[in-house]
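This report concerns a single protein model and is to be read with its sequence and coordinates at hand.

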Amino acid sequence: IDPSGVIIRGGYVYNKEYTAAGGETTITWADMIGKSCIYVSRGGIDVQAIITTGTPIDEQVKWNTLTGVLTFSRPLESGEFVRGLFKKVAR
């Protein structure tokens with residue numbers, strides 16, 4: 001159990017990394033389709049919230065498990081490092 005209360009049992013946690021070219025508002029990780037996004041940081045700073053519906057604002061990101069698209073509320077800067085942690089969705 002981690003401090004946020006997420007219980008990870010049975011299965012893997014997948015680590016994805018991306019370094020921005022600059023100006024992107026989305027990242028597509030097709031290999032994470034069907035997975036739950038449990039953590040995202042950008043530039044080494046944790047995002048405030050991961051949402052699954054609506055439009056991200058402030059420091060939120062939106063994860064679409066059906067398309068594998070992570071959407072940011074503001075464009076990424078050149079060289080900005082993004083890390084996402086994902087796990088298999090419980091059935």
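The sections below treat the sheets, the strand pairings, the aromatic residues and selected residues in loops and strands.

## Basis of the report

The structure is a predicted model. Residue numbers start from 1 along each chain as its sequence is written.

## The antiparallel sheet

One open sheet is built from 4 strands in the order β1-β8-β3-β4, and its pairing is antiparallel. The edges are taken by β1 (13-19) and β4 (45-46); each has a single partner strand, so one side of each is left without a neighbour in the sheet.

Within this sheet, β3 and β8 run antiparallel and are joined by 7 bridges. In that pairing, S36 stands opposite K87 of β8. The antiparallel strands β3 and β4 are joined by 2 bridges, and here R42 lies opposite I45 in β4. The hairpin of β3 and β4 has 2 residues between the strands, and G43 in this hairpin adopts a positive phi near 65 degrees.

## The mixed sheet

A further open sheet comprises 4 strands in the order β2-β7-β6-β5, with mixed pairing. Its edge strands are β2 and β5, each of which pairs on one side only. From one strand to the next, the twist averages 20 degrees.

The strands β2 and β7 pair in the antiparallel sense over 3 bridges. As one example of a bridge partnership, I27 is matched with L70 in β7.

## Aromatic pairs

The structure contains 3 aromatic pairs. In one of them, the ring centres of W29 and F86 are 5.6 Å apart and the planes stand at 80 degrees; the pair is edge-to-face because the angle is over 60 degrees. This pair links distant parts of the chain, with W29 in the loop between β2 (26-28) and β3 (35-42) and F86 in strand β8 (residues 81-88), 57 residues apart. Both W29 and F86 are buried.

Another pair is made by W63 and F86, whose ring centres are 4.8 Å apart. Their planes are at 55 degrees, so the pair is tilted. Here too distant parts of the chain are linked: W63 belongs to strand β6 (residues 60-64) and F86 to strand β8, 23 residues apart. W63 has a relative accessible area of 3% and is therefore buried; F86 is buried with a relative accessible area of 0%. Together, W29, W63 and F86 form one aromatic cluster.

## A charge over a ring

Another arrangement involving an aromatic ring is found at Y14. The charged end of K35 sits over the ring of Y14, at 5.0 Å from its centre.

## The surroundings of E80

E80 lies in the loop between β7 (69-72) and β8. Its relative accessibility is 12%, so E80 counts as buried. The side chain of E80 makes a polar contact with the side chain of R42, at 2.9 Å.

Which residues does E80 touch, not counting residues up to four places away in sequence? They are Y18, T19, A20, R42 and G43. Of these, R42 is the residue that stands opposite I45 in β4, and G43 is the residue with a positive phi near 65 degrees in the hairpin of β3 and β4.

## The surroundings of Q60

Q60 is located in strand β6. Leaving aside neighbours within four places in sequence, Q60 is in contact with A49, I51, T55, T71, F72 and S73. For one of these contacts, the C-alpha separation is available: Q60 and F72 are 12 residues apart along the chain, and their C-alpha atoms are separated by 6.8 Å.

## The backbone at D58

D58 occurs in the loop between β5 (49-51) and β6. Its phi is near 50 degrees, which is a positive value in a residue other than glycine. Is D58 buried or exposed? With a relative accessible area of 56%, D58 is exposed.

Terms used:
This is a predicted model: local features need pLDDT of at least 70, side-chain atom pairs count only at pLDDT 80 or more; totals for chains, interfaces and linings use all residues. Side-chain values use heavy atoms; hydrogens and water are left out. Rings of Phe, Tyr and Trp (its six-membered ring) pair if their centres lie within 6.5 Å; planes under 30 degrees apart count as stacked, over 60 as edge-to-face and the rest as tilted. Buried means under 20% relative accessible area, exposed over 50%, partly exposed in between (1.4 Å probe, protein chains only). A charge sits over a ring if NZ of Lys or CZ of Arg is within 6 Å of the ring centre and within 35 degrees of the ring normal. Two strands pair if DSSP finds at least two bridges between them. Contact means heavy atoms within 4.5 Å. A polar contact is a pair of N or O atoms within 3.5 Å; within protein, one must be able to donate a hydrogen and the other to accept it, and residues adjacent in sequence count only if both atoms are side-chain atoms. Axes are lines fitted to C-alpha atoms, for helices over the stretch in contact, and angles run from 0 to 180 degrees between N-to-C directions.
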